[in-house]
Amino acid sequence: MADIFVDSASVGALSPYSTWATAATTLAAAIPPAVAGDTIYVANTHSESTAADVFYTLPGTAASPNRILCVTPSGAAGGRRWGANIRLQHRHRLGDGTHGL
């Protein structure tokens, strides 16, 4: 399980985006190197937009889910702070063909 970082202000983006110094500049770039169980940290100052709705498929499983957390990057004023600035929906197909959250 690895940590992956996302910050639109990153100037040294380098996969697998394992530090704030090499953070991905978009969430879409951060997902391909992720595997089940990885945590994606998104800077609370991160900003990106698209022309349409975007849906991401993460490789996590019920036993080893991926997490996306919004944080203040370590070293920034205030240190690392957890927030709830990202709304993430996870749909899981249930055995009866319905979807749960």
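Which residue in β2 is the bridge partner of Asp3? Keep that one in mind while you look at the strands; the note starts there.

1. **The strands.** A quick caution before anything else: this is a predicted model. Now the opening question: the bridge partner of Asp3 in β2 is Thr39. That pairing belongs to a set of four bridges joining β1 to β2, and these two strands run parallel. On to the next pair: β2 is also joined to strand β3 (residues 67–71), this time by five bridges, and again the strands run parallel. If you want one pair to look up there, take Val42, whose bridge partner in β3 is Cys70.

2. **How β2 sits.** Is β2 mostly covered or mostly open? Mostly covered: five of its five residues are buried. Side chains in a regular strand alternate between the two faces of the sheet. You can follow that along β2, where Thr39, Tyr41 and Ala43 point one way, while Ile40 and Val42 point the other way. Residues on both sides are buried.

3. **The largest nonpolar core.** Eleven residues make up the largest nonpolar core, among them Ile4, Val6, Leu27, Ala30, Ile40, Val42 and Ile68. Three elements give two or more residues to this core: β1, α1 (27–30) and β2. Ile40 is a handy place to start clicking. Leaving out residues up to four places away in sequence, Ile40 touches Ile4, Val6, Leu27, Ala30, Ile31, Leu58, Arg67, Ile68 and Leu69.

4. **The second core.** There is also a separate core of six residues, including Phe5, Trp20, Ala43 and Val71. Two of those names come back in the next point.

5. **The aromatics.** How many aromatic pairs does a search of the whole structure find? Two. In one pair, Phe5 and Tyr41 have ring centres 5.4 Å apart and planes at 20 degrees, so the pair counts as stacked. Phe5 is in strand β1 (residues 3–6) and Tyr41 is in strand β2 (residues 39–43), so this pair links distant parts of the chain, 36 residues apart. Both Phe5 and Tyr41 are buried. Add Trp20 and you have one aromatic cluster made of Phe5, Trp20 and Tyr41.

6. **Two oddities in the loop between β1 and α1.** Most residues other than glycine have a negative phi, and most peptide bonds are trans. Against that background, have a look at the bond joining Ser15 and Pro16: the peptide is cis, with omega about 20 degrees. Pro16 lies in the loop between β1 and α1. Tyr17 is in the loop between β1 and α1 too, and its phi is positive, near 60 degrees. Is Tyr17 buried or exposed? Buried, with a relative accessible area of 12%. Tyr17 is also one of the residues of the largest nonpolar core.

7. **Ser10.** Ser10 is another residue of the loop between β1 and α1. With a relative accessible area of 13%, Ser10 is buried. Its side chain reaches the backbone oxygen of Ala23 at 2.8 Å. Setting aside neighbours within four places in sequence, Ser10 is in contact with Trp20, Ala21, Thr22, Ala23, Ala24 and Thr25.

8. **Gly12.** Gly12 also lies in the loop between β1 and α1. Gly12 has a relative accessible area of 30%, so this residue is partly exposed. Where should you look for its partners across the loop? Beyond neighbours within four places in sequence, Gly12 is in contact with Ala21 and Thr22. Gly12 and Thr22 are ten residues apart in sequence, yet their C-alpha atoms are 4.9 Å apart in space.

9. **His46.** For this one, move to the loop between β2 and β3, where His46 is placed. The relative accessible area of His46 is 19%, and the cut-off for buried is under 20%, so His46 is buried. What does its side chain do? A polar atom of the His46 side chain lies 2.9 Å from the backbone nitrogen of Ser8. The side chain of His46 also makes a polar contact with the side chain of Glu48 (2.6 Å). Apart from neighbours within four places in sequence, His46 is in contact with Val6, Asp7, Ser8, Thr25 and Thr26.

Methods. Residues are numbered from 1 along each chain as its sequence is written. This is a predicted model: local features need pLDDT of at least 70, side-chain atom pairs count only at pLDDT 80 or more; totals for chains, interfaces and linings use all residues. Side-chain values use heavy atoms; hydrogens and water are left out. Rings of Phe, Tyr and Trp (its six-membered ring) pair if their centres lie within 6.5 Å; planes under 30 degrees apart count as stacked, over 60 as edge-to-face and the rest as tilted. Buried means under 20% relative accessible area, exposed over 50%, partly exposed in between (1.4 Å probe, protein chains only). A nonpolar core is a set of buried Ala, Val, Leu, Ile, Met, Phe, Trp, Tyr and Cys residues joined through side-chain atoms within 4.5 Å. Contact means heavy atoms within 4.5 Å. Two strands pair if DSSP finds at least two bridges between them. A polar contact is a pair of N or O atoms within 3.5 Å; within protein, one must be able to donate a hydrogen and the other to accept it, and residues adjacent in sequence count only if both atoms are side-chain atoms.
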